[in-house]
Amino acid sequence: MKISTKLKNHLNKLAVLAILIAFIGNLFIGSVDASMTEEPDTKTEEFYEDKELQRTFKDMNDYSKTTTEIKNELAINELKNNVANLIATKKVKTNAPLENYDYKGVTALEINQAGSTYTSITLPVKGDNYSLISNLTLV
């Protein structure tokens, strides 16, 4: 099945947003800053408004409502094995060596969009040459 470029772009953005939300969520669990829930006072504070960015976040929010995390360990293991096989057989070309993929930190999602169901798997990339958000995501 062929996935449209627009859907691919939105799914990539959704994957990055999911990683950022998970990372930021871990930083703030148990503490809520009241200032985070207040609307900006447009009379006294400057704030940046980017319509394209707002549309992107709205689209990602809409997609997140159709996305659920896969918790079934057997399904996750099957996905991990499939990805490892795709990388090992070079059907998926990657920039990082196989040993740099963190198969323990995998996130798997089921995405229901436009009457179809997609599965995504995100493997963090670890190592000194990679940033905290480096990953491989396949849909």
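Me: In this predicted model, contact means heavy atoms within 4.5 Å. Leaving aside its neighbours within four places in sequence, with which residues is isoleucine 87 in contact?

Reply: Neighbours of isoleucine 87 within four places in sequence are set aside here. What remains is a list of contacts that includes Tyr101 and Tyr103. In full, the residues are Val92, Thr94, Leu98, Tyr101, Tyr103 and Leu136.

Me: Which helix gives the most to the largest nonpolar core?

Reply: The largest nonpolar core has 14 residues, and Ile87 is among those with the most contacts inside it, as are Val83, Tyr101, Tyr103, Ile121 and Leu123. At least two residues of this core come from strand E3 (116-124), and at least two come from a helix spanning 73-88. With four residues, the element that gives the most to this core is H3.

Me: In what order do the four strands form the open sheet?

Reply: The pairing in this sheet is antiparallel. Strand E1 (67-69) and strand E4 (135-138) stand at the edges, each with a single partner strand, so one side of each is left without a neighbour in the sheet. From one strand to the next, the twist averages 20 degrees. The order is E1-E2-E3-E4.

Me: Over how many bridges do E2 and E3 pair?

Reply: Strands of a sheet pair through backbone hydrogen bonds, either parallel or antiparallel. For E2 and E3, the sense is antiparallel. Glutamine 113 stands opposite serine 116 in E3. The number of bridges over which E2 and E3 pair is seven.

Me: What angle does the direction of H3 make with that of E3?

Reply: Helix H3 packs on the sheet. In doing so, H3 touches E2, E3 and E4. Its direction and that of E3 make an angle of about 70 degrees.

Me: Is lysine 90 buried or exposed?

Reply: Lysine 90 is found in the loop between H3 and strand E2 (107-113). Its phi is positive, near 60 degrees, in a residue other than glycine. A residue counts as exposed over 50% relative accessible area. Because its relative accessibility is 63%, lysine 90 is exposed.

Me: What is the phi of alanine 114?

Reply: Most residues other than glycine have a negative phi. Alanine 114 is found in the loop between E2 and E3, and with a relative accessible area of 76% this alanine is exposed. Although alanine 114 is not a glycine, its phi is positive, at about 55 degrees.

Technical notes. Residues numbered from 1 in each chain as written. Predicted model: local features only at pLDDT ≥ 70, side-chain atom pairs only at ≥ 80, totals over all residues. Heavy atoms only, no water. Core = buried A, V, L, I, M, F, W, Y, C linked by side-chain atoms within 4.5 Å. Buried < 20%, exposed > 50% of the residue type's maximum accessible area, 1.4 Å probe, protein only. Pairing = 2+ DSSP bridges. Axes fitted to C-alpha atoms, helices over the stretch in contact; angles between N-to-C directions.
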